[in-house]
Amino acid sequence: MKSIETPSDKSEFTGGKIDERAGDTRITAPDDGEYPEGGLRAWLVVIGCALLTCSTFGFVNAWGVFQEYYSQTLLSNQSHSNIAWIGSVQYALVLMPGSISGRLFDIGYFRETMIPATCLLVLSTFLVGECKRYWQFMLCQGISVGTSSGFLFGPTLAVTSNYFHRRRPFVFGLVAVGSSVGGTLLPIVTRNLIPKIGFPWTMRVLGFFMLLTTSTANLLIRRRLPPVNIKGGLFNFPAFKSPHFALYYLSSTFGFFGMFTALTYLDTAAVEVAKINGDLAFYLISIANACSGIGRLGSGALSGRYGPINVLGFFMVLAALMTYVWPYALSVGSLITVSVFYGVASGAFIGVVATPLTHPKFGVQGDMGRRTGMLFTLSGIGALCGPPISGAIHDATGGYKAVGAYAGSILMMSLILMISAKWVATGTPWGKF
């Protein structure tokens with residue numbers, strides 16, 4: 001077992017072995033057999049992390065209903081692209097703080113970031129209900145909700161990795177299901193409450209929901225392994241000298257670049273192009289988010305058997321295909337079909353995209369928080385730019401066919417880069433990886 005330098009405060013942690021020499025504390029990383037792979041504490045942590053993904057990524061995945069509502073009411077004087085920037089900033093900031101939160105988690109500062117982020121998320125959700133102008137929505141919903149969500153979501157995979165090794169793909173899928181639940185229920189609650197109690201009180205209801213879920217998560221989540229202080233700061237830049245490392249991170253960035261386009265404009269396009277009733281079109285987002293839960297769970301289970309990159313490749317093809325055909329779906333049945341298959345594919349992508357980083361070829365367990373943080377930070381660039389560019393293409397062409405072609409091609413580029421990363425890492429595009 002390899003010794004890793006770590007801060008001296010280890011009272012909260014179990015696992016590994018302590019070796020104190022000449023005043024230095026060194027804690028050896030545990031062997032694979034030392035992971036609990038279950039037990040009450042481990043599953044409570046999984047539940048807590050699922051609650052966090054429900055309140056963060058799930059809330060962000062509900063952006064489609066806000067995009068439609070703002071474009072028709074509060075921000076009707078703004079273009080589709082301008083409004084989409086709010087959601088894109090939110091998407092991006094759920095991911096981009098990952099390098100900071102992941103690194104802080106690795107060196108032992110988990111609770112110190114979790115509690116302030118919880119307070120900011122709840123406060124920001126309440127304040128969105130008081131917004132009237134574009135810059136206010138950008139500040140409260142785009143920046144504040146996004147940043148707080150990022151600091152809460154970032155360490156979820158790292159902390160569950162403390163308890164599981166062999167079952168990580170499945171557990172990562174379980175954690176990701178939380179965002180599917182949130183992305184399904186929160187749009188329905190929002191859409192149905194606004195006509196009854198108004199937008200401000202709807203956001204207050206959502207704020208109280210965030211308070212309940214995030215507070216419960218704070219009580220349930222505890223790390224098990226000791227913090228580690230691996231050299232390199234927030235970013236492990238030397239790791240990018242490994243071609244498979246750089247290729248996979250670039251693939252993830254392209255994946256997030258193209259993945260959120262259909263989810264952002266699915267219901268809006270249904271109303272504008274297919275002339276579907278707005279009340280029905282709204283449920284397309286919830287259908288996609290509900291089906292994403294199937295993708296998250298299924299991909300997690302399949303990854304353990306066939307390898308995460310192999311599973312990701314299959315679902316990336318499906319996501320690209322659905323993105324290509326989505327603008328041509330002009331009936332209720334075809335739109336529901338697209339929503340179902342796109343939801344499954346996008347859910348699989350979100351649920352498994354970080355799983356390859358647990359492979360020894362990408363680094364040791366003690367660096368897990370930083371590796372996932374780097375992945376999400378770089379992927380945030382794609383999430384930030386993708387939907388607004390799609391909105392600009394729509395505004396320039398007056399339709400969504402070019403949008404679908406653009407986003408689908410970006411996803412195919414992500415697939416090519418992903419296969420290339422596997423090929424470089426293993427020497428063959430075949431086999432389990």
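Leaving aside its neighbours within four places in sequence, with which residues is Asp267 in contact? In the predicted model, the contacts of Asp267 outside that range are Gly64, Val65, Glu68, Ala281, Phe282 and Ile285. Asp267 belongs to helix H11, and its relative accessibility of 0% places it among the buried residues. Its C-alpha atom is 7.1 Å from that of Gly64, although the two residues are 203 positions apart in sequence.

Three of the partners of Asp267, namely Gly64, Val65 and Glu68, are also among the buried residues of helix H3. This helix spans residues 63-72 and is largely enclosed by the rest of the structure, because 7 of its 10 residues are buried. The buried set consists of Trp63, Gly64, Val65, Phe66, Gln67, Glu68 and Tyr70.

The protein as a whole contains 16 helices and 3 strands. Of its 433 residues, 58% are classed as buried. Among contacts with a sequence separation of 6 or more, 83% join residues that are 24 or more positions apart.

The largest nonpolar core comprises 114 residues, and the members that touch the most others are Phe66, Tyr70, Tyr248 and Trp326. Helix H11, residues 243-272, gives the most to this core, with 13 residues. Helix H11 is also the helix that holds the buried Asp267. Two of the highly connected core members, Phe66 and Tyr70, are buried residues of H3. When residues up to four places away in sequence are not counted, Tyr70 touches Trp63, Leu75, Ser76, Ile83, Val128, Phe137, Gln141 and Phe199. Trp63, one of these partners, is itself a buried residue of H3. In soluble globular proteins, nonpolar side chains tend to be buried together.

Trp326, another of the core members with the most contacts to other members, is touched by Gly404. Gly404 is located in helix H16, residues 401-426, and is buried at 0% relative accessibility. Beyond residues up to four places away in sequence, Gly404 touches Thr323, Tyr324, Trp326 and Pro327. The C-alpha atom of Gly404 is separated by 9.6 Å from that of Leu321, a residue 83 positions away along the chain.

Contacts between sequence-distant segments were also examined at Asn289 and Val122. Asn289 is part of helix H12, residues 278-306, and has a relative accessibility of 3%, so this residue counts as buried. With residues up to four places away in sequence left out, Asn289 touches Asn61, Ser180, Gly183, Thr184, Pro187 and Leu263. Of these partners, Ser180, Gly183, Thr184 and Pro187 fall within helix H9, which covers residues 168-197. Leu263 falls within helix H11, residues 243-272.

Val122 is situated in helix H6, residues 111-128. Its relative accessible area is 9%, and Val122 is therefore buried. On the same basis for excluding sequence neighbours, up to four places away, Val122 touches Gly207, Met210, Leu211 and Thr214. For the pair Val122 and Gly207, the C-alpha to C-alpha distance is 5.4 Å across 85 residues of sequence.

The cavity search returned 5 cavities of 30 Å³ or more. The second largest cavity has a volume of about 100 Å³. Its lining consists of 14 residues, of which Phe153, Leu157, Ala176, Ile350 and Gly351 are the closest to the cavity centre. Helix H9 and helix H14, the latter covering residues 332-352, each supply at least two lining residues. H9 gives the most, with 4 residues. By class, the lining has 10 nonpolar, 3 polar and 1 charged residues.

The count of disulfides was 0. Cys131 is in no disulfide, and the nearest cysteine sulfur, that of Cys140, is 3.8 Å away. The cut-off for a disulfide is a sulfur pair within 2.5 Å, so the pair does not qualify. Cys131 is buried, with a relative accessible area of 4%. Cys291 is likewise counted as buried, at 12% relative accessibility.

Methods: Residues numbered from 1 in each chain as written. Predicted model: local features only at pLDDT ≥ 70, side-chain atom pairs only at ≥ 80, totals over all residues. Heavy atoms only, no water. 1 Å grid on protein atoms, 1.4 Å probe; cavity = no way out; pocket = protein on both sides within 12 Å on 5 of 7 lines; lining within 4 Å. Points joined across faces, edges and corners; volume = space filled by probe spheres on them. Nonpolar A, V, L, I, M, F, W, Y, C, P; charged D, E, K, R; others polar. Buried < 20%, exposed > 50% of the residue type's maximum accessible area, 1.4 Å probe, protein only. Core = buried A, V, L, I, M, F, W, Y, C linked by side-chain atoms within 4.5 Å. Contact = heavy atoms within 4.5 Å.
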